[in-house]
Amino acid sequence: MAGRDPALIGHDAFTLEESAALFGRLLDLPQPPDGLICANELGLLGALHALRQRGGEPGRDVDLVSRDGTGMAAYLAVAVIRHLVDMAEVGRLLVQALVARIEQPHAPPVQTVLPGRMQFP
């Protein structure tokens, strides 16, 4: 991807504390980002913590986008753009693939791409 700055991408463990620290560093940059993308709900909570520590408001100062596997972000009183995938379907397909692998160990691995959807506040 052209123009991508590796310093703006976190590769830490997905914990609240590490997410808050990473997003805090990003928000403290001389030219902070106007949007943060979170890999999961823990990252989202870390981003919210860092933003609030600095007096910021999601949706006004920084747009937040999060992968929301649990649906938790819908219960937060903040503006979050959510990426949703049917996790029950993911689980069903994983079990199917495991059973197929056990029954046919030499068959090629199964690969499935499930559609996701974006939900805007």
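## Strands side by side

L36 stands opposite L64 in strand 2. That pairing is a good way into this predicted model. Strand 1 covers residues 35–38, and it pairs with strand 2 in the parallel sense over four bridges. Between the two strands the chain passes through helix 2 (residues 41–53), and the resulting β-α-β crossover is right-handed.

On its way along the sheet, strand 2 also meets strand 3 (residues 81–84): the two run parallel and are joined by three bridges. Here S66 has R82 in strand 3 as its bridge partner.

## Two faces of strand 2

In a regular strand the side chains alternate between the two faces of the sheet. Strand 2 (residues 63–67) follows this pattern nicely: L64 and S66 point to one face and are buried. The side chains of D63, V65 and R67 point to the other face, and these residues are not buried.

## N40 and the start of helix 2

Which residue caps the N-terminal end of helix 2? It is N40, with a side-chain oxygen 3.1 Å from the backbone nitrogen of L42. N40 sits in the loop between strand 1 and helix 2. Its relative accessible area is 19%, so N40 counts as buried, the cut-off being under 20%. Leaving aside residues up to four places away in sequence, N40 touches F14, S66 and R67. The last two of these belong to strand 2, on opposite faces.

## Helix 2 and its cover

Helix 2 has 13 residues and reaches 18 Å from its first C-alpha to its last, close to the 18 Å expected at 1.5 Å a residue. Its buried residues are E41, G43, L44, G46, A47, L48, A50 and L51. An α-helix has 3.6 residues a turn, so residues three or four places apart point the same way. With that in mind, you can follow L44, L48 and L51 among the buried positions of helix 2.

What lies over these buried residues? The cover of helix 2 includes helix 1 (16–27), strand 1 and strand 2. Just after helix 2, G55 takes a positive phi of about 80 degrees.

## D68, between strands 2 and 3

Is D68 buried or exposed? D68 is buried, with a relative accessible area of 1%. This residue lies in the loop between strand 2 and strand 3, and its side chain has polar partners to look at. One is the side chain of R82, in a polar contact of 2.6 Å. Another is the backbone nitrogen of A73, which lies 3.3 Å from a polar atom of the D68 side chain.

Not counting residues up to four places away in sequence, D68 touches E41, A73, A74, R82, H83 and L84. E41 is one of the buried residues of helix 2, while R82 is also the bridge partner of S66.

## Helix 3 and the annotated region

Helix 3 (residues 87–103) has a cap too: a side-chain oxygen of D86 lies 3.1 Å from the backbone nitrogen of A88, at the N-terminal end. At 1.5 Å a residue, the 17 residues of helix 3 should span 24 Å, and the end C-alpha atoms are indeed 24 Å apart.

An unreviewed UniProt entry annotates residues 24–117 as "domain: Transcriptional regulator LacI/GalR-like sensor". Over residues 24–117 the chain is 36% helix and 15% strand, and the end C-alpha atoms are 28 Å apart.

Note on methods. Residues are numbered from 1 along each chain as its sequence is written. This is a predicted model: local features need pLDDT of at least 70, side-chain atom pairs count only at pLDDT 80 or more; totals for chains, interfaces and linings use all residues. Side-chain values use heavy atoms; hydrogens and water are left out. The expected span of a helix is 1.5 Å times one less than its number of residues. A polar contact is a pair of N or O atoms within 3.5 Å; within protein, one must be able to donate a hydrogen and the other to accept it, and residues adjacent in sequence count only if both atoms are side-chain atoms. Buried means under 20% relative accessible area, exposed over 50%, partly exposed in between (1.4 Å probe, protein chains only). Two strands pair if DSSP finds at least two bridges between them. A crossover is right-handed if, with the strands pointing away from the viewer, the path from the first strand over the helix to the second runs clockwise. UniProt positions are given in the numbering used here, feature names are shortened, and annotations may be inferred rather than shown by experiment. Contact means heavy atoms within 4.5 Å.
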